[in-house]
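Biologist: Please take a close look at the ligand site in this model. I would like to know what surrounds the ligand and what the pocket there is made of.

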Amino acid sequence: DKNGYDHYMLKEIHEQPQAVAQTINGRLDLELGKINIDNYGISNINLKEIDRIQIIACGTSFYAGSLARYFIEKFTKIPVEVELASESRYRTSTVNSRTLSIAVSQSGETIDTLQAIKFSKENGAQTLAIVNVPGSTIAHNCHDESLIYAGPEVGVASTKAFSAQVSSLIILGLALAQEQKKLSSEKITECIDELVKVPSLLEKTLTLSSYIEKISKKFYKASSILFIGRGQQWFVAMEGALKLKELSYIHAEGYAAGELKHGPIALIDENLWVVCLAPKDSYYEKTISNIEEIRARGGKILSVGTEGDEDLKSISDEFIGVVECSEIILPFLTAVPMHLLSYWIAVKKGTDVDQPRNLAKSVTVE
Ligand code: F6R
């Protein structure tokens, strides 16, 4: 049931506020300023003993993990590695019983992720499945299972699962910080207060849909689009590029903004659009100078920044603004225009949005 939407994907993009609300529901104790670890699904793993984290995933789930890493490391000071499931078994395993290996998978059936998490378990790691589909194979193979409760995702391109995964991993970071006393309860309360704002701010950001539909006309004939960002926004850029490729078959690449001058800047000319993620965060000034470099070489700029940022607007050809908010909330909001942009470009191109060519919802072959 598409609930009045033209495609499942559009419906699922619009379900992001609920998806995040359901993920955080019951796990955040607003009164005590605590994470409710039992409700999170951890009962066998002892979080107090963890001194290293490995996140294993593919595709969009890999980007959710890569993005969340910044928060987990910030909260816990525990080193976090994020590994592509398909590659992780080709390296010598260095995990041990103090390593928490986390398989992040919407379907819970992705064979690469399953094999990789089994490999970590065999080598002695504590394993946690963060999945959307209950009773999945990946969950069966882990010590603990934490559901994200995003609700069924039908569109092949993952959207609401992404934001639910990010919120789940942030909660896990806070749970580790709480158990290992790495953050004061005031600080945890502060983070919880931010997280609970995400659903309503997502709701607000979704109202950008018709504006994004309008500007998508400018991009659907492009043969290639670059996406750049720094820090967490690097992985929002990666997610934007992946979605564009899979839905509209337009070549796209996501890049860390600082890497531009180490090669890809050679691609820039007056025909190339660059989607620049530059909201007001700790890396803002540096990203702005990258945008100026692109502009100086004639590249066309679609920036995604903070509402009312006239400086950014003045150096951009197109501008999409999200509300001013804290760094915990920001990547949730800037991901929305990524999903909507690829959706509307694909609709303009007339591709099969819910079932792009050559793709399957769960990838059960290696
Ligand atoms: C992208 C997409 C894929 C999946 C990937 C992992 O839109 O849907 O990249 O994210 O195949 O799938 P799960 O999360 O089910 O393991």
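Modeller: In this predicted model, a polar backbone atom of T60 lies 3.1 Å from an oxygen atom of the ligand. Two side chains also make polar contacts: T110 places a polar side-chain atom 2.5 Å from a ligand oxygen atom, and K243 has a polar side-chain atom 3.0 Å from an oxygen atom of the ligand. The ligand taken alone exposes 400 Å², and 90% of that is buried by the protein.

The shell around the ligand consists of 14 residues, and the closest of these are S61, S105, Q106, T110 and E246. T110 is thus named among the closest residues and also supplies the 2.5 Å side-chain contact. Sorted by class, the shell has 8 polar, 4 nonpolar and 2 charged residues. In terms of secondary structure, helix 4 (59–76) and helix 12 (232–248) each give the shell at least two residues.

As for the space itself, the ligand occupies the largest pocket. The volume of that pocket is about 490 Å³. Its lining has 22 residues, of which C58, G59, T60, K361 and V363 are the closest to the pocket centre. T60 therefore appears in two roles, as one of the residues closest to the centre and as the source of the backbone contact to the ligand. The lining of the largest pocket divides into 10 polar, 8 nonpolar and 4 charged residues. At least two lining residues come from each of helix 4, strand 5 (99–105), helix 6 (111–122) and helix 12. Helix 4 gives the largest share of this lining, 3 residues.

Helix 4 also takes part in a second site. The second largest pocket has a volume of about 210 Å³, and the elements that give two or more residues to its lining are helix 4 and helix 9 (185–195). Here the largest share, 4 residues, belongs to helix 9. The lining is formed by F71, K74, F75, L183, K187, E190, C191, E194, Q232, S326, E327 and I328. By class, these are 5 nonpolar, 5 charged and 2 polar residues.

To return to the ligand: its oxygen atoms have polar contacts with the backbone of T60 and with the side chains of T110 and K243, and the space it takes is the largest pocket.

Technical notes:
Residues numbered from 1 in each chain as written. Predicted model: local features only at pLDDT ≥ 70, side-chain atom pairs only at ≥ 80, totals over all residues. Heavy atoms only, no water. Near = heavy atom within 4 Å. Polar contact = N/O pair within 3.5 Å; in protein donor to acceptor, adjacent residues only side chain to side chain. Areas by Shrake-Rupley, 256 points an atom, 1.4 Å probe, with all protein chains shown as cover. 1 Å grid on protein atoms, 1.4 Å probe; cavity = no way out; pocket = protein on both sides within 12 Å on 5 of 7 lines; lining within 4 Å. Sits in = over half its atoms within 2 Å of the grid points. Nonpolar A, V, L, I, M, F, W, Y, C, P; charged D, E, K, R; others polar. Points joined across faces, edges and corners; volume = space filled by probe spheres on them.
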